Amino acid sequence: MGRNAPLGRLIVLLIMSAATLATPSAGAEGPTQHVVQVGATHPTNPLSPFGYTRFYPDVLRVHQGDLVEWRWGAASYFGWHSVSFFADDMSVADHPTGNDAAVPLFARLDETPGSLAMNEAWIFGKPTGGKYGEAACGRGPWRALPAQAPCVLRSADQTVTSSVSDSFFNMPAIPQKLSFSVQIDVPVGAYRYRCLMHPGMDGRVEVVAPEQPVPTSEEIAAQRERDIAADTAEAEALFAALSSPSGAYNTATKEWTVKVGADTDSGHVSIYAFLPADVPARAGDRIRYVAGTKEPHTTTFTDQPVAGTFSARGPCGASQCPDGPGYGLGFTAFPFACELDAPATGAPAIFAWGPRPDDGCRVGDLEWLIAPYMADATRAPDDAVSTPATFHHSGALFNESLPMWFRGDPRAPGATFGSSFGARFPAPGRFSYYCIAHPDFMFGAVNVA
Ligand SMILES: [Cu+2]
């Protein structure tokens, strides 16, 4: 199967489910409403590889009691963001950097220590207890999609967060659109919230006194347009500068440097592309791939089908689980893989939600797992990509400027995921590669003369 299979299957699943859901209704009466857009789409080119990691507007003035609706604004698969007010984390003065909330991307699976899961503390916006607090409200797992009353933020001691459902149900092929609404019922002051997928992507709600003005919806819309235009211009300039191979080669060391994505200086746009994407190398050259965005990526060489990325699994026995094709499918029944396929041999996995092991194969609480070979490097001998089929894979690459709590490998305390990855090209040929996490649009090639 082709590389498009994982996302394609996800879309089919979500459409099937969405068709059965009622459309949430918005009340026409009630408190003053404001709309904040979460991320954005390039104003003129929806296929651009720009992921906008900003709230529009990122500072919103409101009155106590107003309702704020966050709407996901990216018509693409990299608009994956959360809107998360975390208990004891909302003070702008105490948390000036926006990089200090230790909610890591990956969590170790206790039941299968070699495996990783996306951190459920935020991916599903579910109550977690302990360190990350109790989510006071929020949509939670997909089961709660059809109805969600607005959350009410009553104090900075609450945790109020959206979930992955809100984001995924805003993909372009899915008719159902979800948003996340919070009534801001806290005293005058500034309250920050964050996207837990992208460290540093912070927003702020400023509650002002009743006699002070707050912006109209027209003013907010105009601000949004201006901000998106400015962020786009900055990203276009960076994209153009990094796309040229001419600046990427060190003639003395015969080494190229390719950025695995790049963030703009303002931090408002992540470019989801290998930069430069096509490298005109010579036999014997090396390439160093350097992680460059807030979101992790891989650099994965092979022209062969590779088993999937995010995968449902559990340590259950064959007697418990229906035989499956090696990946999880379905919304109300969960046949799922009891084993992960080896790269290049098994069926592609898909984005899938699987039951927790203590639920056997019944629908239960949900986990979202990372295939170990996606997270971990599989190097070809001597790092040499010598044929188009050579499997040479970086594992998850994290930008080294990201804080340790975000890029640490929970399976090995103190260890971090890699930030760069090398490859050698001893022989002429064309060698294509891609990012396993973003296979539909993040790929490149090395042409070795
Ligand atoms: Cu990627």
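Which residues of the largest nonpolar core touch the most other members? This report works towards the answer from the overall fold of a predicted model. In this predicted model, local features need pLDDT of at least 70 and side-chain atom pairs count only at pLDDT 80 or more, while totals for chains, interfaces and linings use all residues. Residues are numbered from 1 along each chain as its sequence is written.

**Overall composition**

The protein chain contains 6 helices and 28 strands. Helices (H or I, at least four residues) and strands (E, at least two) are DSSP runs, numbered from the N terminus. Of the 449 residues in the protein chain, 47% are buried. A residue is buried if 20 or more other C-beta atoms lie within 10 Å of its own, exposed if 12 or fewer, and partly exposed in between, with C-beta atoms placed from the backbone. Two residues are in contact if their C-beta atoms, placed from the backbone, lie within 7 Å. Among contacts between residues at least 6 apart in sequence, 71% join residues at least 24 apart.

**The nonpolar core**

A nonpolar core is a set of buried Ala, Val, Leu, Ile, Met, Phe, Trp, Tyr and Cys residues joined through C-beta atoms within 7 Å. The largest one has 80 residues, and V68, I184 and I271 touch the most other members. Strand β17 (residues 269-275) supplies the largest share of this core, 6 residues. Both domain 1 (31-230) and domain 2 (235-448) give residues to the core, so it lies between them; the domain bounds come from an automatic or database domain assignment. Leaving aside neighbours within four places in sequence, V68 is in contact with H34, V36, L60, V62, S181, V182, I184 and V205.

**Two open sheets**

Two strands pair if DSSP finds at least two bridges between them. One open sheet of 5 strands has the order β3-β1-β5-β12-β10, with mixed pairing. Its edge strands are β3 and β10 (151-153), each of which pairs on one side only. Within this sheet, strand β1 (residues 33-38) and strand β5 (residues 67-72) run parallel and are joined by 6 bridges. The bridge partner of V38 in β5 is W72.

Another open sheet of 5 strands follows the order β18-β28-β27-β20-β25, and its pairing is also mixed. Here β18 (278-281) and β25 (392-393) stand at the edges, each with a single partner strand, so one side of each is left without a neighbour in the sheet. Strand β28 (residues 443-448) has a covered face formed by G444, V446 and V448, and an uncovered face formed by F443, A445 and N447. On the covered face, V446 is the bridge partner of F431, and V446 also stands opposite V279.

A further strand, β19 (residues 286-291), likewise shows two faces: I287, Y289 and A291 are on the covered one, and R286, R288 and V290 on the uncovered one. The bridge partner of K259 in β19 is V290, and the bridge partner of R288 in β26 is G422.

The table lists pairings from these regions.

| Strands | Sense | Bridges |
|---|---|---|
| β18 and β28 | parallel | 4 bridges |
| β27 and β28 | antiparallel | 6 bridges |
| β20 (residues 300-301) and β27 (residues 429-434) | antiparallel | 2 bridges |
| β16 (residues 255-263) and β19 | parallel | 6 bridges |
| β19 and β26 (residues 420-424) | antiparallel | 5 bridges |

**Helix α4 and its surroundings**

Helix α4 (residues 217-243) has 27 residues and should span 39 Å at 1.5 Å a residue; its end C-alpha atoms are 38 Å apart, which agrees. The expected span is 1.5 Å times one less than the number of residues. The helix lies across β1 and β3, running at about 10° to β1. Axes are lines fitted to C-alpha atoms, for helices over the stretch in contact, and angles run from 0 to 180 degrees between N-to-C directions. The buried residues of α4 are I228, D231, T232, A235 and L242. What covers them includes β2 (50-52), β3 (55-56), β16 and β17.

Is V269, a residue of strand β17, buried or exposed? V269 is buried, because 30 other C-beta atoms lie within 10 Å. Not counting residues up to four places away in sequence, V269 touches F50, G51, Y52, T53, D231, E234, A235 and T264. By contrast, D265 sits in the loop between β16 and β17 and counts as exposed, with 8 C-beta neighbours inside 10 Å. The C-alpha atoms of D265 and A235 are separated by 9.0 Å, although these residues are 30 residues apart along the chain.
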